[in-house]
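Biologist: I'm new to this one. Could you show me the model and tell me how you know what you say about it?

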Amino acid sequence: IPSMFMQHNLGGRNLCRNKNVSQEFFFEKYNEFIMNHTKAIQETLIDALPPLLEHFGVTSLEEEFAKMNANGGYALHRNADPLGPFSKCKLLFLRMEDSENWQGALERIMPDIRYNKNKGRSEVCPAIAHHYKALQNYEYSVEERKKLIGKDKNIKSYFGVYGNLGEKSSMVATTDGVPAPTTESSGPVVVIVNTPKTGTGGLTNTFARSFKCGGAQKAFDQVSHYSCQSNVDVLRTHNPEPASEALAAIRPNFQDREQCLVITAIRDPRTWIPSMFMQHNLGGRNLCRNKNVSQEFFFEKYNEFIMNHTKAIQETLIDALPPLLEHFGVTSLEEEFAKMNANGGYALHRNADPLGPFSKCKLLFLRMEDSENWQGALERIMPDIRYNKNKGRSEVCPAIAHHYKALQNYEYSVEERKKLIGKDKNIKSYFGVYGNLGEKSSMVATTDGVPAPTTESSGPVVVIVNTPKTGTGGLTNTFARSFKCGGAQKAFDQVSHYSCQSNVDVLRTHNPEPASEALAAIRPNFQDREQCLVITAIRDPRTWIPSMFMQ
């Protein structure tokens, strides 16, 4: 925050030159910066880091700090969202307080890199260096802390791992990171095992609000765990295997089937695939804002998504539903649909495999096209539940709602249907109960004027997506000099693109959305994860806010 303060509103330049400014005046200006620009500070915090980390499945800064503590200030991630724009990249997440170790972290991945650290504010502004250093020990008032931290979960998490600007950190260390099992007086446990984009968020919010749960904990791999009032537990995941492991850990001696509910859902591919498309490659967010995009361009991008990401789409389809249904003896979607037609959109199963991980649970299988009936289905099992449906994409993105709705009547070509349906029996069954996507598409592909992609002989691509004043300049210079890059080009909105020797590309931005758009344009068929590195960093607010103030 001090760095942001120095960056702010010419404060850095004016104060930087003023040898006669008193510490009292300096601190007064810092207070004004905090109180008058809180929203801008908070927006800067969440523009880059949370959405970028989400692409790599990172949901807990506490867990990241534990890894950084073990590694000397960095965490490396290779499991990007397979449908996301960085699917073929790995992520290097750096902590700025450990920048003396960044050289070692970088050379483990790219041996020829030499880290170039930019000058700090105290070196740039020696006249007021003593005041700037004093800001790092600034005692934040209750009012300042309350205003800065606010209510956003990502901002609260950021300040929390750094001790809430002087308050005690909410992080609690444990010996193994796994919560103690819930006591015998536990209430219900709800296990949401769902395919992405089939109502997972709405179902999670339904139970989290109804049971008055705290925030999601990530003590278990691929599982979000919500501890709620009255000793209720809610688990959320997209895969039944980690769900079963988490259930066994928190309820090892669970016996009451009436207290354990597993929930999953199914959705028509004519709405599910468009929803996955909007989630993919930042397409949802970029297209969401673009009032001028044509339907022809929109449909072209949809065709590209289908043809280039079929395998990931199919894997997403079979990760959750088929193995979960198998635990409850469900072998025919046709039979399930007959039950759903009779019940108004759901089927309830109580005969789980007696030797399986869900042996003491019942399964509620929902059909998303009947979501208006989900309240009735839920309250038959848990009377106090009130279903909270999330906003649909058309509500979230009104500018392109007409194009999105048109996708639901999209005419799939024979090639598209053949590629999507494939040969897997579970996938064929899924598409079969929904009519196999209808008839041939009349869509005609067109060009869109995107810059020519880099050839297959390309070298590495480095994507720096960083919060301002967290070492962005130093990281950019590091790669620009090491790879002997030319000057920055601005062919992409909000992105600086450096073309370097040996067909290397470096992208620099403060927002992952334009970064993904630029990456897709220059490397549309990129496959080698070892050649793509995304980098971001985090910084203690006690030095970051003063830096923003000085700027």
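Modeller: Start with helix α22, residues 472-482: this helix lies across β3, β11, β13, β14 and β15. Keep in mind that the model is predicted.

Biologist: What makes α22 run at about 170 degrees to β11?

Modeller: Angles here go from 0 to 180 degrees between N-to-C directions. The value for α22 and β11 is about 170 degrees, so the two run in nearly opposite directions.

Biologist: Which other helix packs on the sheet?

Modeller: Helix α5, residues 102-109, touching β2, β3 and β15. Its direction makes about 170 degrees with that of β3.

Biologist: And in what order do the strands of that sheet come?

Modeller: There are 7 of them, in the order β2-β3-β15-β11-β14-β13-β12, and the sheet is open with mixed pairing.

Biologist: Why are β2 and β12 said to stand at the edges?

Modeller: Each has a single partner strand, so one side of β2 (74-77) and one side of β12 (489-492) is left without a neighbour in the sheet. From one strand to the next, the twist averages 25 degrees.

Biologist: How do you know that β12 and β13 pair?

Modeller: Pairing takes at least two bridges. β12 and β13 have 2, in the antiparallel sense, so they count as a pair. F492 stands opposite V495 in β13.

Biologist: How many helices and strands does the chain have?

Modeller: It comes to 24 helices and 15 strands.

Biologist: What makes a residue count as buried?

Modeller: A relative accessible area under 20%. Of the 551 residues of the chain, 52% count as buried.

Technical notes
Residues are numbered from 1 along each chain as its sequence is written. This is a predicted model: local features need pLDDT of at least 70, side-chain atom pairs count only at pLDDT 80 or more; totals for chains, interfaces and linings use all residues. Side-chain values use heavy atoms; hydrogens and water are left out. Helices (H or I, at least four residues) and strands (E, at least two) are DSSP runs, numbered from the N terminus. Contact means heavy atoms within 4.5 Å. Buried means under 20% relative accessible area, exposed over 50%, partly exposed in between (1.4 Å probe, protein chains only).
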